[in-house]
Amino acid sequence: MVLTRSNRKAAKPQTPPPVKKLSKKTQTPPLSKSEKPQTLTSKKGAAKSQKKPPLKKQKKDLVEEEEVSDGSDLDTEELDESDDGEEGSNGFFSDENDDGEEELLGDDFLDGSGDEEEEEEEEERSDSDADLSSDSDEGDIFKESEAIDRAKAKEEEDADAELLDFNKEVGPGEDSEHDTFRLPTEEELEEESRGPPDLPLLQTRIKEIVRALSNFNVLRPKGASRKECAEQLKADLASYYGYNSFLIGALFELFPPVELMEIIEAFEKQRPTSIRTNTLKTRRRDLADVLLNRGVNLDPLSKWSKVGLVVYDSQVPIGATPEYLAGYYMLQGASSFLPVMALAPRENERIVDVAAAPGGKTTYIAALMKNTGLIFANEMKVPRLKSLTANLHRMGVTNTVVCNYDGRELPKVLGEKSVDRVLLDAPCSGTGVISKDESVKTSKSLEDIKRFAHLQKQLLLAAIDMVDATSKTGGYIVYSTCSLMVAENEAVIDYALKKRNVQLVKTGLDFGQNGYSKFREHRFHPSLKQTKRFYPHVHNMDGFFVAKLKKMSNMKQTSEDDDEAVETVEQADVSSDDDDDEAEAMEEMEKVSVPSKQPKETKENKERLAISKEKKKGKKDAKSKSKNVERKPKKKRSDWKKEIAQAREEKRRAMREKSKEKQ
């Protein structure tokens with residue numbers, strides 16, 4: 001049996017042992033059924049195990065090879081003993097047995113790897129695959145976090161590098177003194193004044209000064225102070241944009257240099273055209289559909305308005321469409337919506353619009369009231385009454401009475417405490433609407449601001465007097481201007497708070513900047529923070545100011561009341577002196593009326609009483625003399641006012657004479 005077996009295997013090619021060991025390693029046992037689902041479930045682990053077999057398996061294979069080789073030696077020894085003693089055939093059988101060893105090793109390896117060993121190997125594979133997958137997931141997270149950290153670090157480095165480049169460009173360096181900015185000398189300014197303005201030079205100088213003032217400690221021009229830079233900036237802005245020195249100085253006090261440039265640039269651009277839907281005749285959606293069909297490109301104005309539309313461009317004149325002539329909408333600036341929204345009129349109220357022309361705010365009030373109640377639309381200038389009445393008719397307003405009075409006289413005409421709400425869009429300098437009227441740049445002066453402020457104070461007091469504080473639904477006054485000057489806005493409201501029993505309340509507007517409670521050397525009431533300011537460079541609308549007042553009581557303090565109060569104080573002082581004398585007399589009478597249970601008066605006691613009486617008489621005489629000296633005739637408050645008015649008139653005359661002499 002052994003010879004036949006050896007003959008069969010003798011035909012097989014003989015290969016050197018190291019080559020067969022490599023081929024053995026490449027041979028893999030057939031996968032059992034239990035191994036197939038594992039390969040399906042763990043695809044990543046199987047792929048990795050096929051590419052790189054685990055180290056544990058390699059160690060096991062080496063151990064098994066050594067054991068099998070020992071067994072094969074034992075088999076060859078048995079075969080030699082079973083032969084008939086032929087020595088020549090030992091070499092042949094040794095070669096054959098070598099081949100047989102390789103064959104037996106292969107069979108023993110295949111037959112000896114049982115199910116238990118295969119299961120252990122598969123478990124080890126699955127464990128190693130799970131470890132590798134968990135390690136790979138954790139590695140991915142670490143890699144991502146490291147990538148994010150590297151990206152952040154790179155961004156910071158880029159930002160630092162950019163800042164350094166910027167500082168090198170704009171900052172004064174030690175090595176580049178010839179490139180640093182400096183203010184022009186007097187000689188250079190004289191040469192510039194002789195010829196036409198050099199606009200590119202002015203523009204670059206304005207930018208450099210603004211940049212220096214924004215960070216003066218670092219970018220300070222050599223040998224220049226902040227005041228000199230500010231004065232040069234004012235002069236350059238006035239010559240470049242065409243402002244007078246007063247207005248550019250007033251704006252410079254209101255805004256820092258960077259924001260000043262923004263608002264001046266905003267004044268050079270036109271504000272977007274806006275229209276207001278007349279809800280008495282149509283809805284905004286229907287109006288927008290009709291205008292879009294006519295070639296008008298528009299959008300809703302903003303979230304804070306339910307009736308406004310902004311018009312970008314139009315193929316037809318927006319002020320001459322059939323819808324405009326039918327009264328479906330009104331051409332009105334976005335800032336003009338704000339006072340009416342702050343007033344918040346209700347149905348069946350009595351409302352006064354002190355300065356109503358051309359009727360945009362009045363028609364908006366009528367639309368909110370749904371043509372109920374009563375509106376008094378007052379306009380002082382007769383030529384503007386035509387546009388007011390025309391717009392009221394076109395918009396279908398039927399609850400409005402048009403009147404032509406001075407707003408300061410309205411309390412006498414309509415009566416005090418006669419209305420629920422008053423809207424005062426006061427006449428002003430117009431410094432917030434320079435984009436509409438560029439003449440404001442050169443036409444306004446300090447005297448004009450003072451004159452407007454005085455008129456506004458009078459109109460506001462008259463408006464407060466017309467409102468009934470006991471109104472169930474009203475009692476509110478809204479004051480608004482299209483000016484940016486503090487003297488026309490916060491100062492006027494602060495004056496009204498001192499003169500009338502009113503309080504500032506919230507305007508109901510969700511946007512806008514708060515008003516000033518202090519400005520430079522002025523200190524106003526803290527509640528002025530509830531007022532609202534609107535700027536063209538921030539809100540993309542005309543400059544505007546809105547304040548809402550609530551009248552707390554109908555009592556007011558006039559000059560007559562003050563005079564009466566002074567007289568009552570003087571009477572109280574006189575009466576107090578008389579009362580003291582009467583009290584002393586009453587005490588003496590009580591002493592005399594007390595029954596004398598004391599011992600009889602002696603001569604010493606009588607003398608003491610006489611001396612005390614003389615002392616009291618001396619005190620009374622001194623008091624009477626002092627009263628006669630102190631009680632001098634005092635001037636009334638009205639006399640003081642007359643003298644002050646005369647002094648003011650004399651000063652005005654003197655100022656007029658000086659101005660005439662200068663001219």
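## Around A453

A453 has a relative accessibility of 8%, so it counts as buried, the cut-off being under 20%. This is a predicted model. A453 sits in helix α21. Leaving aside neighbours within four places in sequence, A453 is in contact with A487 and V492. The C-alpha atoms of A453 and E488 are separated by 5.0 Å. Along the chain, A453 and E488 are 35 residues apart.

Helix α21 spans residues 446-466. It also helps to line a pocket, described next.

## The second largest pocket

The second largest pocket holds about 1000 Å³ of space. Its lining has 38 residues. Nearest the centre are A355, A357, R384, D425 and P427. By type, the lining splits into 18 nonpolar, ten polar and ten charged residues.

Three elements each give at least two residues to this lining: β4 (329-331), α17 (360-369) and α21. The largest share comes from α21, with four residues.

Where does the second largest pocket lie with respect to domain 2 and domain 3? Domain 2 covers residues 272-331, and domain 3 covers 334-556. Both give residues to the lining, so the pocket lies between them.

## Unusual backbone geometry

Most residues other than glycine have a negative phi, and most peptide bonds are trans. A few places in this chain depart from that pattern.

The peptide bond from A357 to P358 is cis, with omega near 0 degrees. P358 lies in the loop between β5 (350-353) and α17. A357 is also among the residues nearest the centre of the second largest pocket. The helix that follows the loop, α17, supplies at least two residues to the lining of that pocket.

N348 is not a glycine, yet its phi is positive, at about 65 degrees. N348 is found in the loop between α16 (337-343) and β5. Its relative accessible area is 60%, over the 50% cut-off, so N348 is exposed. K370 also has a positive phi, near 60 degrees, and is a residue other than glycine. K370 lies in the loop between α17 and β6 (374-378). With a relative accessible area of 56%, K370 is exposed.

## Two covered helices: α12 and α13

How many of the ten residues of helix α12 are buried? Seven are, so to speak, under cover: the helix, residues 245-254, is mostly covered. The buried residues are L247, I248, G249, A250, L251, F252 and L254. They pack against α11 (226-241), α13 (257-267), α20 (440-443) and β12 (518-519).

Helix α13 has its own buried set: P257, L260, M261, I263, I264, A266 and F267. What covers these residues includes α9 (199-214), α11, α12 and α23 (536-539). Helix α11 thus appears in both lists: it packs against the buried residues of α12, and it helps to cover those of α13.

## Cysteines

How many disulfides does the model contain? The count is zero, with a disulfide taken as a pair of cysteine sulfur atoms within 2.5 Å. C482 is in no disulfide. Its nearest cysteine sulfur belongs to C428, 3.1 Å away. That distance is outside the 2.5 Å cut-off, so the pair is not counted.

C229 has a relative accessible area of 0%. It is therefore buried, by the under 20% cut-off.

## An exposed proline

P526 lies in the loop between β13 (522-523) and β14 (532-534). Is P526 buried or exposed? Its relative accessibility is 59%, so P526 counts as exposed. The C-alpha atoms of P526 and L504 are separated by 9.9 Å. The two residues are 22 apart along the chain.

## The chain as a whole

The chain has 663 residues, of which 35% count as buried. Its secondary structure comprises 26 helices and 15 strands. Among contacts with a separation of 6 or more, 73% join residues 24 or more positions apart.

Notes
Residues are numbered from 1 along each chain as its sequence is written. This is a predicted model: local features need pLDDT of at least 70, side-chain atom pairs count only at pLDDT 80 or more; totals for chains, interfaces and linings use all residues. Side-chain values use heavy atoms; hydrogens and water are left out. On a 1 Å grid over the protein atoms alone, a cavity is a set of points where a 1.4 Å probe fits but cannot get out, and a pocket is an open set with protein on both sides within 12 Å along at least five of seven lines; lining residues have an atom within 4 Å of a point. Grid points are joined across faces, edges and corners, and a volume is the space filled by probe spheres set on the points. Ala, Val, Leu, Ile, Met, Phe, Trp, Tyr, Cys and Pro count as nonpolar, Asp, Glu, Lys and Arg as charged, and the others, Gly among them, as polar. Domain bounds come from an automatic or database domain assignment. Buried means under 20% relative accessible area, exposed over 50%, partly exposed in between (1.4 Å probe, protein chains only). Contact means heavy atoms within 4.5 Å.
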